[in-house]
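Student: Hey, got a minute to walk me through this one? I'd like to get a feel for the fold.

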Amino acid sequence: MVRSIPSVVYFKNKLGQAVICNKAFEKFTNLSSSEIIGKTDKQLFPQNIADKFFELDQEAITTGETIRETMDFIDQEGEKKFIEVTKTVIFDSQENMEGIVTLMRDVTEHVISEETLKISRDELVQTYEFIHNLMELSPIATLSLDNDMRIITINQRALDALGFEFDELIGVSFLNLLKKPEKFKRGSTKSKVLEFITKEGTSLMANVSQSIVTKEGMDERAVITFQNISDLRSLFFDPLQEEISDININSKYIELEAGHIYYKDGIESDESYTMFANMVKSGIPGLCITRQNPERIRAEYGLLKTPFIWLTKNQESGQPYINSSELYKLQPAIYNFIEKVDRGVVFLDGLEYLALDNDIKSVIKAVEEVNDSVMSSTSSMVIHVDSLTLEQKDFHLMTRWMKHIKSSVEDAGE
């Protein structure tokens with residue numbers, strides 16, 4: 001019966017000599033039964049295994065109980081293996097010890113699976129801890145959502161901004177915090193200006209970004225970051241209508257298609273300003289974002305009511321302004337304006353200025369975000385840009401989805 005058992009089995013007498021063994025034991029030691037019988041563990045196994053077996057034998061003799069332990073060793077092919085060792089003391093009818101039965105079972109696959117699972121679990125815990133620690137250390141308001149858009153983690157910066165305690169928001173739907181929840185689309189990689197409702201019921205305008213975190217063994221979650229842009233209030237305008245006036249037919253603007261951005265290329269920008277001025281004087285609400293002094297532009301083109309944003313570092317001007325280092329303010333300011341008007345127009349002159357403190361890829365990305373807002377609106381936008389100030393590939397990358405407005409010089413050339 002012993003010889004037919006597939007697991008490794010052998011019996012040692014009270015002197016520690018092998019008396020009985022099976023085929024599996026012969027294979028395990030790579031010895032024949034005649035070479036095994038009468039040998040001790042020290043004669044059959046490497047020193048480390050023999051020492052461990054002796055330790056387990058003594059524990060079984062001392063306790064009188066069956067001892068089980070999993071141990072590893074290097075087999076004859078140099079591979080690491082794991083075996084489960086069972087030691088049982090055999091007594092005669094007078095309770096005298098006759099010897100010890102040792103059973104060994106290869107559990108390599110099981111142990112490796114368990115270790116892999118443990119590693120996966122540890123990695124999962126580390127991932128959760130990493131996200132949590134990252135959120136807590138972040139200077140930006142951050143929270144994460146489960147698949148049902150319930151808040152599962154939130155950092156102190158977000159709690160401070162919204163005025164809630166931690167326990168008041170965990171498990172709550174993120175959509176409950178938004179004035180217009182339909183504007184939030186889970187999984188969108190585009191930044192968006194959303195209006196939050198604080199615990200006190202006040203409004204908080206924020207620039208919201210999100211990313212989806214996926215990891216094997218972990219439920220997908222959305223990580224949301226938002227920046228309070230209430231300090232942008234000075235850039236949020238109620239549209240004011242210029243006095244409608246007759247427009248000289250020779251300088252009449254072209255009809256712009258809603259939901260599109262146009263660009264006008266050239267060093268001189270007078271034609272672009274004239275076109276914009278004619279549009280707002282014909283009854284179209286407008287917003288002008290310019291590198292030039294707004295007071296000079298107002299006087300030169302007769303724009304008395306149209307809101308202006310000055311691209312400047314001059315904080316003492318008294319004018320609404322965007323510093324070149326504050327690229328993130330561009331999209332919210334434009335978005336706020338076009339949300340309030342029907343078929344309005346935004347004019348931007350000075351894109352090159354924004355590249356002073358930002359790499360051109362960041363500027364292009366900012367324009368992409370603006371385009372997302374314009375595309376979903378009834379308004380249009382005109383950008384005056386000098387292509388000679390940009391690398392050709394960057395210019396084409398930025399304008400590839402824009403429509404070109406030709407200058408009078410280009411038209412004359414044709």
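**Helices, sheet and loops**

Tutor: Let's start with a helix pair: α10 and α12 are roughly parallel to each other, where roughly parallel means an angle under 35 degrees, over 145 is roughly antiparallel, 65 to 115 roughly perpendicular and the rest oblique. Before going on, the ground rules: this is a predicted model, in which local features need pLDDT of at least 70 and side-chain atom pairs count only at pLDDT 80 or more, while totals for chains, interfaces and linings use all residues. Residues are numbered from 1 along each chain as its sequence is written, and side-chain values use heavy atoms, with hydrogens and water left out.

Student: OK, what angle do α10 and α12 pack at?

Tutor: About 10 degrees, with the axes 9 Å apart; α10 covers residues 330-340. Axes here are lines fitted to C-alpha atoms, for helices over the stretch in contact, and angles run from 0 to 180 degrees between N-to-C directions.

Student: Which residues of α10 and α12 meet?

Tutor: From α10 you have L330, Q331, I334, Y335 and I338, and from α12 E369, V370, S373 and V374. Contact means heavy atoms within 4.5 Å. By class that contact has 6 nonpolar, 2 polar and 1 charged residues; Ala, Val, Leu, Ile, Met, Phe, Trp, Tyr, Cys and Pro count as nonpolar, Asp, Glu, Lys and Arg as charged, and the others, Gly among them, as polar.

Student: Why would residues three or four places apart point the same way?

Tutor: An α-helix has 3.6 residues a turn, so that spacing brings them round to the same side.

Student: And is α10 mostly covered or mostly open?

Tutor: Mostly covered, with 9 of its 11 residues buried. Among them are P332, A333, N336 and F337. Buried means under 20% relative accessible area, exposed is over 50%, and partly exposed is in between (1.4 Å probe, protein chains only).

Student: Switching to the sheet: what's the strand order?

Tutor: It's an open sheet of 7 strands, β14-β13-β12-β15-β16-β11-β17, with parallel pairing. β14 (321-322) and β17 (403-404) sit at the edges with a single partner strand each, so one side of each has no neighbour in the sheet. Two strands pair if DSSP finds at least two bridges between them.

Student: How many bridges do β13 and β14 have?

Tutor: They have 2, with β13 spanning residues 308-311. L311 has I322 in β14 as its bridge partner.

Student: Where does α12 touch the sheet?

Tutor: Helix α12 (residues 360-375) packs on it, touching β11 (261-265) and β16 (380-385), and its direction makes about 155 degrees with that of β16.

Student: What about α12 with α13, what's the angle there?

Tutor: About 15 degrees, with axes 9 Å apart, and α13 is residues 392-399. That makes α12 roughly parallel to α13. I360, K361, I364 and V367 of α12 touch D394, L397 and M398 of α13. That contact has 5 nonpolar, no polar and 2 charged residues.

Student: New topic: which loop holds N30?

Tutor: The one between α1 (23-29) and α2 (33-36). N30 has a positive phi of about 60 degrees although it is not a glycine, and N30 is exposed at 55% relative accessible area.

Student: Last one, how many helices and strands in the whole chain?

Tutor: 14 helices and 17 strands, taken as DSSP runs numbered from the N terminus (helices H or I, at least four residues; strands E, at least two). Of the 414 residues of the chain, 44% count as buried.
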